[in-house]
Amino acid sequence: MPGLDLQDLVERALGGQQVAVARLISIVENAGPELREVSAALTPHTGRAQVVGLTGSPGVGKSTTTSALVSALRARGRTVGVLAVDPSSPFSGGALLGDRVRMGEHAGDDGVFIRSMATRGHLGGLSWATPQALRVLDAAGCDVVLIETVGVGQSEVEIVGLADTTVVLLAPGMGDGIQAAKAGILEIGDVFVVNKADRDGARRTVRELRTMLHLREAESGEPWEPPVLSTVAARSEGIDALADALDEHRVWSEKSGDRDRRRRERVRREIEAIGMEQVRARMERVRGGRELPGLAGQVLAGELDPWAAADRLLDDAG
Ligand code: GDP
């Protein structure tokens with residue numbers, strides 16, 4: 001971006017200006033050359049936001065719940081960021097439509113930052129771009145950042161690794177308790193929501209989930225027993241209770257050290273992803289370079305083994 005005053009942009013983003021925040025996330029998404037500087041400038045201002053992941057099968061009501069939750073959190077005076085991650089789409093352009101649809105209700109509210117991201121085919125996928133976008137929203141002063149997966153994808157579970165608090169959504173008949181256990185989602189939820197409670201079978205699903213979670217707790221002896229709530233997101237029913245549950249989990253996870261453990265793990269993965277990307281970029285630089293044919297000749301002549309040749313290639317790629 002020629003003529004871009006990065007420092008000014010960062011300052012404005014730290015001040016919570018939406019346009020600046022959006023531009024920084026674009027830089028992150030496009031992995032522009034400014035990324036390193038942006039990251040260095042933002043990191044000292046992070047760590048305050050509670051990162052909440054929402055996961056569940058397509059159609060269960062994640063978008064509806066997210067939007068209702070934004071309203072509930074705003075009513076409590078919280079600043080809210082929303083990252084809608086689409087792991088199945090390679091098109092960042094999809095972000096525009098997504099943002100517009102989602103923004104509707106919250107348009108003009110300068111305490112809400114909504115952004116869609118496409119991650120398929122993106123450098124390290126979710127593990128690379130999303131934590132950096134989170135950092136932008138965190139530094140911009142969001143009290144809560146909601147990450148929601150859109151589209152179909154196996155990456156739903158990946159989101160868990162990014163969140164301080166994970167909300168698993170189910171709907172009656174779609175993913176009742178037993179299916180949930182099979183899918184392994186009992187392990188990942190800190191808060192369970194049975195949405196579409198206006199439909200038949202919701203109470204049974206809640207009951208089954210409670211029983212199974214209780215059994216799991218008894219086995220593992222973990223001190224946090226995930227609550228099972230029921231909501232009708234389309235009418236904002238039960239959403240206040242969900243906001244309460246998020247608060248309770250935040251307080252518990254800070255006190256218990258669980259939050260710090262998760263964050264440490266998250267950053268570890270992020271560093272690895274950046275490291276891998278750098279190694280890959282180095283290899284790209286030397287592939288097709290002048291040195292490779294020479295090394296190949298040496299290996300063919302029996303003067304060098306291929307491992308030593310690879311070492312030399314990487315050393316030279318610095
Ligand atoms: P997502 O794919 O998980 O993000 O699901 P959406 O939020 O897009 O919702 C899928 C559909 O379910 C939409 O047509 C919503 O209007 C509808 N929906 C969401 N919440 C409820 C609810 O509580 N009750 C009922 N009956 N429908 C709902």
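Reader: What share of the contacts in the protein with a separation of 6 or more comes from residues 24 or more positions apart?
Author: This is a predicted model. Its protein has 12 helices and 7 strands. Take the contacts with a separation of 6 or more; the share from residues 24 or more positions apart is 75%.

Reader: What percentage of the residues in the protein is buried?
Author: A residue counts as buried when its relative accessible area is under 20%. The protein has 318 residues. Its buried residues make up 47%.

Reader: Which element gives the most residues to the largest nonpolar core?
Author: In soluble globular proteins, nonpolar side chains tend to be buried together. Here the largest nonpolar core has 32 residues. Elements that give two or more residues to this core include α1 (6-14), α2 (18-29), β3 (112-118) and α6 (126-139). With 7 residues, the one that gives the most is α6.

Reader: Which residues does Val-21 touch, leaving out those up to four places away in sequence?
Author: Val-21 is among the residues with the most contacts inside the largest core, along with Leu-24 and Leu-137. Leave out residues up to four places away in sequence, and Val-21 touches Ala-13, Phe-113, Val-136, Leu-137 and Ala-140.

Reader: How many residues are in the second, separate core?
Author: This core includes Ala-68, Leu-69, Leu-229 and Leu-246. It is separate from the first, and its residues number 26.

Reader: How many residues of strand β5 are buried?
Author: Look at both ways the residues point. Thr-165, Val-167 and Leu-169 point one way, while Thr-166, Val-168 and Leu-170 point the other, and all are buried. The strand is therefore largely enclosed by the rest of the structure, with a buried count of 6 of the 6.

Reader: Which residue in β5 is the bridge partner of Gly-53?
Author: Strand β1 (residues 50-55) runs parallel to β5, and 4 bridges join them. In β5, the bridge partner of Gly-53 is Thr-166.

Reader: Which residue in β6 stands opposite Val-167?
Author: β5 is also joined to strand β6 (residues 191-194) by 4 bridges, and the two run parallel. Opposite Val-167 in β6 stands Val-191.

Reader: Is Glu-29 buried or exposed?
Author: Glu-29 is found in helix α2. Its side chain has a polar contact of 3.0 Å with that of Arg-115. The relative accessible area of Glu-29 is 7%. The cut-off is under 20%, so Glu-29 is buried.

Reader: What distance separates the C-alpha atoms of Gly-56 and Ala-171?
Author: Gly-56 sits in the loop between β1 and α4 (62-75). At 7% relative accessibility, Gly-56 is buried. Gly-56 and Ala-171 are 115 residues apart along the chain, yet their C-alpha atoms are separated by 9.1 Å.

Reader: Which residue has a polar side-chain atom 3.0 Å from a nitrogen atom of the ligand?
Author: The ligand is surrounded by 15 residues, with Gly-59, Lys-62, Ser-63, Thr-64 and Asp-198 the closest. Backbone atoms take part too. A polar backbone atom of Gly-61 is 3.0 Å from an oxygen atom of the ligand, and one of Ser-63 is 2.9 Å from an oxygen atom of the ligand. The polar side-chain atom 3.0 Å from a ligand nitrogen belongs to Asp-198.

Reader: How much of the area that the ligand exposes alone does the protein bury?
Author: Start with the ligand by itself. Taken alone, the ligand exposes 570 Å². Of that area, the protein buries 68%.

Key. Residues are numbered from 1 along each chain as its sequence is written. This is a predicted model: local features need pLDDT of at least 70, side-chain atom pairs count only at pLDDT 80 or more; totals for chains, interfaces and linings use all residues. Side-chain values use heavy atoms; hydrogens and water are left out. A nonpolar core is a set of buried Ala, Val, Leu, Ile, Met, Phe, Trp, Tyr and Cys residues joined through side-chain atoms within 4.5 Å. Buried means under 20% relative accessible area, exposed over 50%, partly exposed in between (1.4 Å probe, protein chains only). Contact means heavy atoms within 4.5 Å. Two strands pair if DSSP finds at least two bridges between them. A polar contact is a pair of N or O atoms within 3.5 Å; within protein, one must be able to donate a hydrogen and the other to accept it, and residues adjacent in sequence count only if both atoms are side-chain atoms. A residue is near a molecule or strand if one of its heavy atoms lies within 4 Å of it. Accessible areas come from the Shrake-Rupley method with a 1.4 Å probe; for residues, only the protein chains shown count as cover.
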